[in-house]
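Work through the exercises below with the sequence and the 3D structure open beside you. Try each task before reading its solution.

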Amino acid sequence: MRFHLAAMALVTMFLAAPADAALKTGAAAPEFSARASLGGKEFDFSLADALKKGPVVLYFYPAAFTRGCTLEAHLFAEAMDEFAAQGASVIGMSGDDIETLNRFSTSECRGKFPVASDADRKIMQAYDAVMPHRPEYANRISYVIAPDGRVILEHTSPDAHGHVEKTLEAVKKWKSGQAN
């Protein structure tokens, strides 16, 4: 009888656990470095180095050249002047290999922002950005990270629309708070 009660308690705890385990506002963003591509040119991206210049928008997407991910890349590319005007940088992250991202950064990101490879999924895991039920892919999650390394926005949605608007709004809000 005790075994059944214990088993039921475990099942209840599991079912009650939140499905969305993404990092929350105020959480420390895990530091990382990754091989990235900007306009087809590879380089080593460091979150710590990027944060020295201002806030960083880190967005995870499932796979290069898929419909939603291509749309999201186009939307971020179109908004890059606005992000730059706010002093923010943007980097996309997926489990794609760097050769694929060299092409994606040129064609779909239009050479306006870098995309990084997380082929071993360690960064996705650190950011709780692994797609549920499809761990080989990143979930569509966008983070805004302040220069102090804290998450100031987390937005999770399978729909590519909304990620640019929400992250840009968070960057603007953060910047206006810095002026006070």
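The exercises that follow concern a predicted model, and they go from the whole chain to single residues.

**Exercise 1. The order of the elements**

Task: Find how many helices and strands there are in the chain, and in which order the elements run from the N terminus on.

Solution: Begin with the count, which gives 6 helices and 7 strands in the chain. Next, follow the chain from the N terminus on, where the elements run α-β-β-α-β-α-β-α-β-α-β-β-α. Then turn to burial, for which 46% of the 180 residues of the chain count as buried. Finally, take the contacts in the chain with a separation of 6 or more, of which residues 24 or more positions apart account for 66%.

**Exercise 2. The pairing of β1**

Task: Determine in which sense strand β1 pairs with strand β2, and over how many bridges.

Solution: Locate strand β1 at residues 33-38 and strand β2 at residues 41-46, and it can be seen that the two pair in the antiparallel sense over 6 bridges. As one example of this pairing, A36 has F43 in β2 as its bridge partner. The hairpin of β1 and β2 has 2 residues between the strands, and there G39 takes a positive phi near 60°. Now look for strand β5 at residues 115-117, which runs antiparallel to β1 and is joined to it by 2 bridges. Here S37 has V115 in β5 as its bridge partner.

**Exercise 3. Helix α4 and its surroundings**

Task: Identify which residues of helix α4 are buried, and which elements these residues pack against.

Solution: Start at the beginning of α4, where a side-chain oxygen of D97 reaches to within 3.2 Å of the backbone nitrogen of E99. Moving along the helix, which covers residues 98-107, one finds that I98, T100, L101, N102, F104 and S105 are buried. The elements against which the buried residues of α4 pack are β1, β2, α3 (67-85), β4 (89-94) and β5.

**Exercise 4. A pair of rings**

Task: Decide whether the rings of Y61 and F104 are stacked or edge-to-face, given that planes under 30 degrees apart count as stacked and planes over 60 as edge-to-face.

Solution: A search of the whole structure finds 12 aromatic pairs. For Y61 and F104, the ring centres are 5.6 Å apart and the planes lie at 25°, so this pair is stacked. The pair links distant parts of the chain, since Y61 is in the loop between β3 (56-60) and α3 while F104 belongs to helix α4, 43 residues apart. Y61 is buried because its relative accessible area is 0%, and F104 likewise counts as buried at 0% relative accessibility. To widen the view, trace the cluster that ring pairs form by linking Y59, Y61, F65, F76, F83, F104 and F113.

**Exercise 5. Two loop residues**

Task: Classify Q86 and A28 as buried, partly exposed or exposed, using the rule that buried means under 20% relative accessible area and exposed over 50%.

Solution: Take Q86 to begin with, which is found in the loop between α3 and β4. Its relative accessible area is 18%, so Q86 is buried. Leaving aside residues up to four places away in sequence, Q86 touches L168, V171, K172 and K175.

Then consider A28, which is found in the loop between α1 (2-16) and β1. At 46% relative accessibility, A28 counts as partly exposed. With residues up to four places away in sequence again left out, A28 touches L23, G149 and R150. The C-alpha atoms of A28 and G149 are separated by 5.8 Å, although these residues are 121 residues apart along the chain.

**Exercise 6. Positive phi angles**

Task: Describe where D128 is placed and which sign its phi has, then do so for H133.

Solution: Keep in mind that most residues other than glycine have a negative phi. D128, in the loop between α5 (122-126) and β6 (141-145), has a positive phi of about 50° although it is not a glycine. With a relative accessible area of 36%, D128 is partly exposed. H133 is also placed in the loop between α5 and β6, and it has a positive phi of about 70° without being a glycine. Its relative accessible area is 78%, so H133 is exposed.

Conventions: Residues are numbered from 1 along each chain as its sequence is written. This is a predicted model: local features need pLDDT of at least 70, side-chain atom pairs count only at pLDDT 80 or more; totals for chains, interfaces and linings use all residues. Side-chain values use heavy atoms; hydrogens and water are left out. Two strands pair if DSSP finds at least two bridges between them. Helices (H or I, at least four residues) and strands (E, at least two) are DSSP runs, numbered from the N terminus. Buried means under 20% relative accessible area, exposed over 50%, partly exposed in between (1.4 Å probe, protein chains only). Contact means heavy atoms within 4.5 Å. A polar contact is a pair of N or O atoms within 3.5 Å; within protein, one must be able to donate a hydrogen and the other to accept it, and residues adjacent in sequence count only if both atoms are side-chain atoms. Rings of Phe, Tyr and Trp (its six-membered ring) pair if their centres lie within 6.5 Å; planes under 30 degrees apart count as stacked, over 60 as edge-to-face and the rest as tilted.
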